[in-house]
Amino acid sequence: MRTQVGGQQSGKTQTEGRGGRAAASAGCAGGSARPPFLQIWDPFLSFLLRAFCLPVSCSLPETCSSCFPPPGVGRWTNPQYRQFITILEATHRNQSAENKRQLASYNFDFRSWPVDFHWEEPSSRKESRGGPSRRGVALLRPEPLHRGTADTLLNRAKKLPCQITSYLVAHTLGRRMLYPGSVYLLQKALMPVLLQGQARLVEECDGRRAKLLACDGNEIDTMFVDRRGTAEPQGQKLVICCEGNAGFYEVGCVSTPLEAGYSVLGWNHPGFAGSTGVPFPQNEANAMDVVVQFAVHRLGFQPQDIILYAWSIGGFTATWAAMSYPDISAVILDASFDDLVPLALKVMPDSCRGLVTRTVRQHLNLNNAEQLCRYQGPVLLIRRTKDEIITTTAPEDIMSNRGNDLLLKLLQHRYPHVMAEEGLQVVRQWLEASSQLEEASIYSRWEVEEDWCLSVLRSYQAEHGPDFPWSVGEDMSARERQQLALFLAQKHLHNFEATHCTPLPVQHFQMPWHL
């Protein structure tokens with residue numbers, strides 16, 4: 001049972017969520033630097049500040065507030081609130097497992113939650129010059145729009161109005177359109193659902209909530225469900241879930257790997273629910289970096305035991321992590337895309353084409369395919385055949401699904417000779433199939449022999465090693481390249497007949513193919 005404390009109490013217990021969960025709410029008030037001779041009073045004064053000055057997120061009873069004493073008096077006389085403050089102070093002093101367990105039974109403003117993991121905590125980070133700095137982790141930068149142009153003072157002056165306009169668009173309308181889950185009103189409307197989802201993860205799945213401090217100062221809200229103590233072998237693997245642009249770990253894609261029996265680590269984008277900050281690409285990558293570091297250095301998972309699972313826009317952080325942590329076991333991208341620009345152009349007028357392209361490239365550059373091509377491990381793409389979000393025309397036009405482009409760019413990078421003109425043509429034909437029956441018909445029409453394809457790939461890997469790109473196929477006939485291209489496409493992409501936001505059934509959550 002999770003208790004709600006704070007504010008004036010009406011004498012009734014407010015329950016919400018499953019199992020008659022009692023919810024609770026309290027915030028955090030900051031303090032200023034104090035003279036040394038007063039520091040001995042800090043614990044007592046801190047207690048008073050929290051008891052009398054904490055903003056409370058739960059609402060007052062439907063009674064005139066003038067009928068009650070000041071809020072601080074009500075909280076001070078509330079035994080539940082005083083017990084909560086005692087546990088919170090004890091946890092700030094000593095983050096023992098028992099203190100964290102008791103604190104997790106309360107629902108309060110996450111700003112007051114103590115930091116569980118710091119981005120500089122791993123000793124290797126302090127000794128290495130190649131790790132992230134306070135300016136952020138490394139991102140792939142887009143090519144300049146006009147290559148070869150001299151970067152003179154006059155040219156810079158000419159570009160300045162466009163750059164200012166792009167900045168304003170990105171930081172006002174742009175990022176809210178791209179990440180609607182960061183909008184306060186939407187979060188306020190979803191709060192009861194999020195609290196119920198959080199309670200389910202804590203009470204039914206024994207989830208452990210933690211606050212991570214990223215290198216940019218943002219605090220990242222996470223939830224970890226540990227299945228290593230179960231008899232299921234997949235519990236030894238950790239699935240890090242990357243949510244969509246309006247997704248939260250409380251009610252997001254974490255449910256699928258949980259149902260499949262895996263250990264799961266969910267996290268919220270910067271600016272979503274308990275996470276602070278704004279969800280720009282740099283902040284997103286900074287958050288993902290500290291999440292992976294937390295999984296390795298605090299939770300004790302080796303990179304070889306970590307699987308990245310992303311839905312929709314979460315493909316950006318998943319592909320960034322795959323690029324930056326090459327030893328990660330596998331990547332599963334569900335309803336994701338290759339590049340943001342075509343999708344942004346779809347929803348904006350043609351007259352804004354130049355502004356949209358420049359704004360995305362400079363401030364909102366979600367270059368999933370470019371990042372994924374730098375990863376050497378197994379990849380599975382899940383394409384939703386009725387996707388209405390990442391298609392550039394209509395949901396019925398399956399060839400406008402940008403998941404196709406993500407697959408083609410990956411295969412062209414890894415197997416450039418196989419995916420030459422002949423191979424590309426037959427894979428496009430296979431992608432255009434509107435049903436499983438039609439897919440199978442195309443596959444059999446080209447007489448793809450899987451044993452032969454596996455033999456060719458394994459022979460090449462044994463002789464040349466596993467690193468991509470491969471030169472396999474350069475001495476093959478056009479027919480053989482087409483057969484091998486179809487085989488590789490089928491191994492890297494699975495279809496799911498559903499719309500964009502349909503929860504992924506557990507039977508579709510499969511590990512990627514690898515030799």
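What percentage of the 515 residues in the chain do buried residues make up? Color the whole chain by burial and you will find the answer: 51%. Keep in mind, as you look around, that this is a predicted model.

**The whole chain**

Switch to a cartoon view. The secondary structure comes to 18 helices and 9 strands. With the surface turned on, the chain exposes about 24,400 Å², and carbon and sulfur atoms supply 54% of that area. Contacts often link distant parts of the sequence: among those between residues at least 6 apart, 72% join residues at least 24 apart.

**A stretch to treat with care**

Now color by pLDDT. The mean for the chain is 85, and 82% of the residues reach 70 or more. Next, select residues 5-69, where pLDDT stays under 50. The model has 117 contacts beyond four places in sequence for this stretch. Where pLDDT is low, the predicted coordinates should not be read in detail.

**Into the core**

Select Ile240, Leu308, Val472, Leu484 and Phe487, and show their side chains. Within the largest nonpolar core, which has 98 residues, these five touch the most other members. Helix α9, residues 281-297, gives the most to this core, with 8 residues. A second, separate core has 26 residues, including Tyr249, Val254, Ala330 and Phe496. In soluble globular proteins, nonpolar side chains tend to be buried together.

Stay with Leu308 for a moment. Leaving aside neighbours within four places in sequence, Leu308 is in contact with nine residues you can click through: Ile240, Met288, Ala318, Ala321, Ala322, Ile328, Ala330, Val331 and Ile332.

**Helix α14**

Move on to residues 402-414, which form helix α14. How far apart are its end C-alpha atoms? They are 19 Å apart, which agrees with the 18 Å that 13 residues should span at 1.5 Å a residue. The helix is mostly covered, with 10 of its 13 residues buried. Among them are Arg402, Asn404, Asp405 and Arg414, along with leucines such as Leu406 and Leu410. Zoom in on the start of α14 to see a side-chain oxygen of Asn401 reach to within 2.7 Å of the backbone nitrogen of Gly403.

**Last stop: Gln482**

Finally, select Gln482 in helix α18, residues 478-492. Is Gln482 buried or exposed? Its relative accessible area is 11%, so Gln482 is buried, since the cut-off is under 20%. Beyond its neighbours within four places in sequence, Gln482 is in contact with Glu422, Gly423, Val426 and Trp446.

Technical notes:
Residues numbered from 1 in each chain as written. Predicted model: local features only at pLDDT ≥ 70, side-chain atom pairs only at ≥ 80, totals over all residues. Heavy atoms only, no water. Helix = DSSP H or I, 4+ residues; strand = E, 2+ residues; numbered from the N terminus. Expected span 1.5 Å × (residues − 1). Buried < 20%, exposed > 50% of the residue type's maximum accessible area, 1.4 Å probe, protein only. Polar contact = N/O pair within 3.5 Å; in protein donor to acceptor, adjacent residues only side chain to side chain. Core = buried A, V, L, I, M, F, W, Y, C linked by side-chain atoms within 4.5 Å. Contact = heavy atoms within 4.5 Å. Areas by Shrake-Rupley, 256 points an atom, 1.4 Å probe, with all protein chains shown as cover. pLDDT = per-residue confidence, 0-100.
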